[in-house]
Amino acid sequence: MSTIGTLKASLTSRLKALVLVVALVVGGALPYVANSFILSTMTLALIYGLFAMSINLLARGGLITMGHGAIFGTAAYGVGYVATHMQGSFAQQIVIGMACAMLLCVVYALMAMRTKAGYFIMVTLAQGMIIYGLANSLQPITGGENGLPGVSRPAWMSQNWQFYYVTLLVLSGCAGLIWVITRSPFGLALRGLDASESRLQMLGYNPTLHKFYGFMLAGFFGGISGVLFVYKNEFVSPSAAAFLTSASGVLMIILGGIGTMSGPLIGAIVIVFIQN
């Protein structure tokens, strides 16, 4: 039985590796075979796929966040503000955009890390609505309902096909990091949160701190997707931080499969293409 089990595991691993190689080949060849609309839509799907992966990272611990769009939107607004108000460089835009997102993550995590289940959902939902309200009301900074137009990409990724490859590369790198995280001792402890916090605590782990670290990691990848989003559209508005953005991300991981690696991306592709 052990030999059969080992053989099945080996075949499964090879099949997964084959699917991954095929997916990368298809993804790399897409700009050569798809028209501009399909390419633009797929780029958006990849961005939302990374956003859904960040939500899924927390969901592995049984923590469903309904305010993740606020982190996504904050990173986008950080880039947009530096680009339009400060005329900052590309590097400055990314650094400040990510810094804003991570600062918001710290505040969010401190507020939500002692809650669980339905209470965690309610707290993160309220947090997201606060940021959405600020995005609408702080017109001198965010542009209000009109948003922040005029964000431009660097010359080396100004073309849609160039930006597609940048997005694909960033997604692949982040997916690899998430894969490593989920299989690390921290990732296994995060999954233990979903099973039983009390048992995890009896084993010497601190569930509260693991929630905090998980929130920060999820916010980091969510911030990266927000940065890609604003460069994709070259514009950001309050809708980026709206409840619908967070809800779409949750729907993507439910559709593709919570706790899986490829599920969030599959869910994102399906939903984005249906929407467009």
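In which helix does Leu 50 lie? Leu 50 lies in helix H2, and since the model shown above is a predicted one, this placement, like every value that follows, is computed from predicted coordinates. Helix H2 covers residues 36-59, and Leu 50 is a convenient residue from which to begin a walk through the structure.

With a relative accessibility of 1%, Leu 50 counts as buried, because buried means under 20% relative accessible area. Leaving aside residues up to four places away in sequence, Leu 50 touches Val 170, Leu 171, Cys 174, Phe 221, Ile 224, Ser 225 and Leu 228. The separation along the chain can be set beside the separation in space for one pair: Leu 50 and Ser 172 stand 122 residues apart in sequence, while their C-alpha atoms are 9.2 Å apart.

Some of these partners point towards helix H7, which is made of residues 160-182. The axes of H2 and H7 come within 10 Å of each other and cross at roughly 20 degrees, and the two helices are therefore roughly parallel, an angle under 35 degrees being counted in that way. Their crossing is left-handed, and the contact of H2 with H7 has, by class, 17 nonpolar and 4 polar residues, with no charged residues.

Helix H2 also packs with helix H12, which is formed by residues 263-275. Here the axes come within 7 Å and cross at roughly 135 degrees, and H2 and H12 are therefore oblique to each other. H2 passes H12 in a right-handed crossing. On the side of H2, the residues that meet H12 are Ile 38, Thr 41, Met 42, Leu 44, Ala 45, Leu 46, Tyr 48, Gly 49, Ala 52, Met 53 and Asn 56, and on the side of H12 they are Pro 264, Leu 265, Ala 268, Ile 269, Val 272 and Phe 273. Sorted by class, this contact of H2 with H12 has 14 nonpolar and 3 polar residues, and again no charged residues.

Ala 52, one of the H2 residues that meet H12, also takes part in another comparison of sequence with space, this time with Ile 254 in helix H11, residues 243-256. Ile 254 and Ala 52 are 202 residues apart in sequence, yet 9.8 Å apart from C-alpha to C-alpha. Ile 254 has a relative accessible area of 52% and is exposed, because exposed means over 50%.

A further helix pair is formed by H4, residues 90-112, and H10, residues 207-233. H4 and H10 pack at an angle of about 145 degrees with their axes 9 Å apart, and their crossing is right-handed. H4 contributes to this contact with Phe 90, Gln 93, Ile 94, Met 98, Ala 101, Met 102, Cys 105, Val 106, Tyr 108, Ala 109, Leu 110 and Ala 112, while H10 contributes Phe 212, Phe 215, Met 216, Gly 219, Phe 220, Gly 223, Ile 224, Val 227 and Tyr 231. The classes in the contact of H4 with H10 are 18 nonpolar, 3 polar and no charged residues. Ile 224 appears in this list and is also among the residues that Leu 50 touches.

Is Lys 211, which is also placed in helix H10, buried or exposed? Lys 211 is buried, with a relative accessible area of 4%. Not counting residues up to four places away in sequence, Lys 211 touches Leu 63, Met 113, Thr 115, Lys 116, Leu 193 and Glu 197.

The cysteines deserve a separate look. How many disulfides does a search of the whole structure find? The search finds 0 disulfides. Cys 100 is in no disulfide, and the nearest cysteine sulfur, that of Cys 105, is 11 Å away; at 31% relative accessibility, Cys 100 counts as partly exposed. The sulfur of Cys 174 lies 14 Å from the closest cysteine sulfur, in Cys 105, which is too far for a bond, and Cys 174 counts as buried at 6% relative accessibility.

Two loop residues complete the tour. Gln 87, in the loop between helix H3 (68-85) and helix H4, has a positive phi of about 50 degrees although it is not a glycine, and at 58% relative accessibility Gln 87 counts as exposed. Glu 234, in the loop between helix H10 and strand S2 (235-236), likewise has a positive phi, near 55 degrees, in a residue other than glycine, and Glu 234 counts as partly exposed at 32% relative accessibility.

Note on methods
Residues numbered from 1 in each chain as written. Predicted model: local features only at pLDDT ≥ 70, side-chain atom pairs only at ≥ 80, totals over all residues. Heavy atoms only, no water. Axes fitted to C-alpha atoms, helices over the stretch in contact; angles between N-to-C directions. Helix = DSSP H or I, 4+ residues; strand = E, 2+ residues; numbered from the N terminus. Parallel < 35°, antiparallel > 145°, perpendicular 65-115°, else oblique. Left-handed = near helix turned anticlockwise from the far one by under 90°. Nonpolar A, V, L, I, M, F, W, Y, C, P; charged D, E, K, R; others polar. Disulfide = S-S within 2.5 Å. Buried < 20%, exposed > 50% of the residue type's maximum accessible area, 1.4 Å probe, protein only. Contact = heavy atoms within 4.5 Å.
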